[in-house]
Amino acid sequence: MAENGLQAEGILKLENERVRVMEWRFVPGAATGWHVHEYDYVVVPMVTGRLRIVDSEGGETISELEAGEPYARKAGVAHDVINANDFDFAFIEVELKG
């Protein structure tokens, strides 16, 4: 959770034996909380903006995301994701179960 206590909202959109699809919504400063991805995944931003990523060593990076432009990551990614914008941010996350 972010230092300001704001929690991102994860909404389960679809789940079956092959995929889990979540919609993540963040007010400014909201965070997913520390987590480790157990599956490979694809993220599709619904808004153009910036996310602050805190990695397992405490390092921080800013990711510049563009609405509709997907990216993919492998299982095992460990991080906290924080909305670094002064507006609401959202993305769709598709986890590939197999």
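# Exercises on an all-strand chain

β3 and β8 pair over two bridges, in the antiparallel sense. The model examined in these exercises is a predicted one.

**Exercise 1. Determine which residue of β8 stands opposite histidine 35, and which other strand pairs with β8.**

Solution.
- Step 1. Histidine 35 has histidine 79 of β8 opposite to it.
- Step 2. Strand β5, residues 49-55, also pairs with β8 in the antiparallel sense, here over five bridges.
- Step 3. Within this second pairing, aspartate 55 has histidine 79 as its bridge partner in β8.
- Result. Histidine 79 is thus named both opposite histidine 35 and as the partner of aspartate 55.

**Exercise 2. Establish how many residues of strand β8 are buried, and which way each points.**

Solution.
- Step 1. Strand β8 covers residues 78-83, and six of its six residues are buried.
- Step 2. In a regular strand, side chains alternate between the two faces of the sheet.
- Step 3. In β8, Ala78, Asp80 and Ile82 point one way, whereas His79, Val81 and Asn83 point the other way.
- Result. The residues pointing either way from β8 are all buried.

**Exercise 3. Classify threonine 32 as buried or exposed, and list its contacts beyond four places in sequence.**

Solution.
- Step 1. Threonine 32 lies in the loop that links β2 (19-26) and β3 (35-36).
- Step 2. Its relative accessible area is 13%. Buried means under 20%, so threonine 32 is buried.
- Step 3. Apart from neighbours within four places in sequence, threonine 32 is in contact with Gln7, Ala8, Trp24, Phe26, Asp80 and Val81.
- Result. Two of these contacts, Asp80 and Val81, belong to the buried residues of β8.

**Exercise 4. Classify glutamate 38 in the same manner, and state which residues it contacts.**

Solution.
- Step 1. Glutamate 38 is located in the loop between β3 and β4 (40-45).
- Step 2. The relative accessibility of glutamate 38 is 54%. Exposed means over 50%, and glutamate 38 therefore counts as exposed.
- Step 3. With neighbours within four places in sequence set aside, glutamate 38 is in contact with Arg20 and Ala75.
- Step 4. The C-alpha atoms of glutamate 38 and lysine 74 are 8.8 Å apart, although 36 residues separate the two in sequence.
- Result. Arg20, a contact of glutamate 38, has glutamate 95 as its bridge partner in β9.

**Exercise 5. Give the strand order of the five-stranded open sheet, and explain why β1 and β7 each have one side without a neighbour.**

Solution.
- Step 1. The strands follow the order β1-β2-β9-β4-β7, with antiparallel pairing.
- Step 2. β1 (9-15) and β7 (71-73) stand at the edges of this sheet and have a single partner strand each, so one side of each lacks a neighbour there.
- Step 3. Neighbouring strands of the sheet are turned against each other by 20° on average, direction ignored.
- Step 4. Within the sheet, β2 and β9 (residues 89-96) run antiparallel and are joined by eight bridges.

**Exercise 6. Describe the chain as a whole, from its strand count to its radius of gyration.**

Solution.
- Step 1. The chain has nine strands and zero helices.
- Step 2. A compact globule of 98 residues would have a radius of gyration near 13 Å; the value for the chain is 13 Å, and the two therefore agree.
- Step 3. The C-alpha trace spans about 35 × 30 × 20 Å along its principal axes.
- Step 4. Of the 98 residues, 38% count as buried.
- Step 5. Among contacts with a separation of 6 or more, 70% join residues 24 or more positions apart.
- Step 6. The exposed area of the chain is about 5600 Å², of which carbon and sulfur atoms supply 52%.

Note on methods
Residues numbered from 1 in each chain as written. Predicted model: local features only at pLDDT ≥ 70, side-chain atom pairs only at ≥ 80, totals over all residues. Heavy atoms only, no water. Helix = DSSP H or I, 4+ residues; strand = E, 2+ residues; numbered from the N terminus. Buried < 20%, exposed > 50% of the residue type's maximum accessible area, 1.4 Å probe, protein only. Contact = heavy atoms within 4.5 Å. Pairing = 2+ DSSP bridges. Axes fitted to C-alpha atoms, helices over the stretch in contact; angles between N-to-C directions. Rg over C-alpha atoms; globule rule 2.2 N^0.38 Å. Areas by Shrake-Rupley, 256 points an atom, 1.4 Å probe, with all protein chains shown as cover.
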